[in-house]
Amino acid sequence: MSDKRSSGYWYSADRTRRGVAVLNALRDYRAAEAAMRRRTRSAMRMGETDLLAIRYLLKREGEGRSVSPKDLAAHLGISSASTTVLIDRLVRSGHVERRPHPTDRRALVIAPTIASDDEVRATLGEMHRRMIDVAEGLGKDEAVVVLEFLDSMRDAVDSVQDAAGDEAPAAQVTAIDAARSATGS
């Protein structure tokens, strides 16, 4: 596997050809995923934050958990005013609805509509099936190596400090942790 292009990294190409090739493959995957997300947003006529909100709401609903506007704002890292505008927009487009909180009559929860779930499945279903096929093609030992690699990469990028010198918050249980437990590692 000879990659003749520039490494795009700050160290010399002969320091570690294998490492550079892996990082370039990871970069190519991220670029392909970003392009897929742009196409998805375009197909669904949604912005990035809208799609992230729908994804979060669908995930929480699948877990049997309700989501308050405050929960949604915290997840997206946006203000309460921006959250209100976002929810209003998603209600108007038929993707979410406001419902009474099940135990607090003063509060509301935000839930995805059935149409929203159907639209996400129709838009992303085939692509998700192809991705699952690739992942399921890994043997148990291969899956463990990939999971450990991705976990280490996540730790490496999470350790980068922001301009104020603060590190990224420690990751909670992640998809990688869940996959690791599924492989029995």
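A nonpolar core is a set of buried Ala, Val, Leu, Ile, Met, Phe, Trp, Tyr and Cys residues joined through side-chain atoms within 4.5 Å. With that in mind, here are several close-up views of this predicted model.

**Figure 1. The whole protein is built from seven helices and two strands.** Welcome to the overall view. Following the sequence, you meet the elements in the pattern α-α-α-α-β-β-α-α-α. The protein has 185 residues, and 28% of them are buried. Its accessible surface comes to about 13000 Å², with 54% of that area belonging to carbon and sulfur atoms. Looking at contacts between residues at least 6 apart in sequence, 41% join residues at least 24 apart.

**Figure 2. The largest nonpolar core holds 20 residues.** Which residues have the most contacts inside this core? They are I54, L72 and L90. Five helices, α1, α2 (48-62), α3 (69-76), α4 and α5, each supply at least two residues of the core. Helix α2 gives the most, with six residues.

**Figure 3. Helix α2 has 15 residues, many of which you can follow into the interior by name.** From its first C-alpha to its last, α2 reaches 21 Å, close to the 21 Å expected at 1.5 Å a residue. Its buried residues are D50, L51, A53, I54, Y56, L57, L58 and R60. What do these buried residues pack against? Their neighbors are the helices α1, α3, α4 and α5, together with the strands β1 (96-100) and β2 (108-112). After α2 comes G64, whose phi is positive, near 75°.

**Figure 4. I54 is a good place to start exploring the contacts of α2.** Leaving aside residues up to four places away in sequence, I54 touches M46, L90, H95, V96, S116 and V120. Of these partners, L90 is also named, along with I54 and L72, among the residues with the most contacts inside the largest nonpolar core.

**Figure 5. L86 sits in helix α4, which spans residues 80-92.** Is L86 buried or exposed? L86 counts as buried because its relative accessibility is 1%, and the cut-off for buried is under 20%. Not counting residues up to four places away in sequence, L86 touches T49, D50, A53, L72, L76 and I78. Two of these partners, D50 and A53, are buried residues of α2. For a sense of distance, the C-alpha atoms of L86 and A73 are separated by 9.7 Å, although the two residues are 13 apart along the chain.

**Figure 6. A nonpolar patch of about 330 Å² lies on the surface.** Five residues make this patch: V22, L138, V146, F149 and L150. Which helix gives the patch its largest share? That is helix α6 (residues 140-158), with three residues. V22, in contrast, has its place in helix α1 (residues 17-44). V22 counts as partly exposed because its relative accessible area is 35%, which falls between the limits of 20% and 50%.

**Figure 7. In helix α1, the side chains of R37 and E33 meet in a salt bridge.** Side chains of opposite charge can pair when their charged atoms come close. Here the distance from N to O is 3.3 Å. The two residues lie four apart in the sequence, about one turn of the helix. An α-helix has 3.6 residues a turn, so residues three or four places apart point the same way. Both partners are partly exposed: R37 has 28% relative accessibility, and E33 has 24%.

**Figure 8. Helix α5 (residues 114-136) carries a salt bridge between D117 and R121.** The N to O distance here is 3.2 Å. D117 and R121 are four residues apart, about one turn of the helix. R121 counts as exposed because its relative accessibility is 57%, and the cut-off for exposed is over 50%.

**Figure 9. D155 and R154 form a salt bridge between partners that are covered to differing degrees.** Their side chains meet at 3.6 Å, N to O. D155 is partly exposed, with a relative accessible area of 43%, whereas R154 is buried, at 19%. Elsewhere, salt bridges that share partners join E126, R129 and R130 into one network. How many salt bridges does the count come to? The count comes to eleven.

Technical notes: Residues numbered from 1 in each chain as written. Predicted model: local features only at pLDDT ≥ 70, side-chain atom pairs only at ≥ 80, totals over all residues. Heavy atoms only, no water. Buried < 20%, exposed > 50% of the residue type's maximum accessible area, 1.4 Å probe, protein only. Contact = heavy atoms within 4.5 Å. Areas by Shrake-Rupley, 256 points an atom, 1.4 Å probe, with all protein chains shown as cover. Patch = residues over 30% accessible without salt bridge, like charges linked within 9 Å, V, L, I, M, F, W, Y side chains within 5 Å. Salt bridge = Lys/Arg side-chain N within 4 Å of Asp/Glu carboxyl O. Expected span 1.5 Å × (residues − 1).
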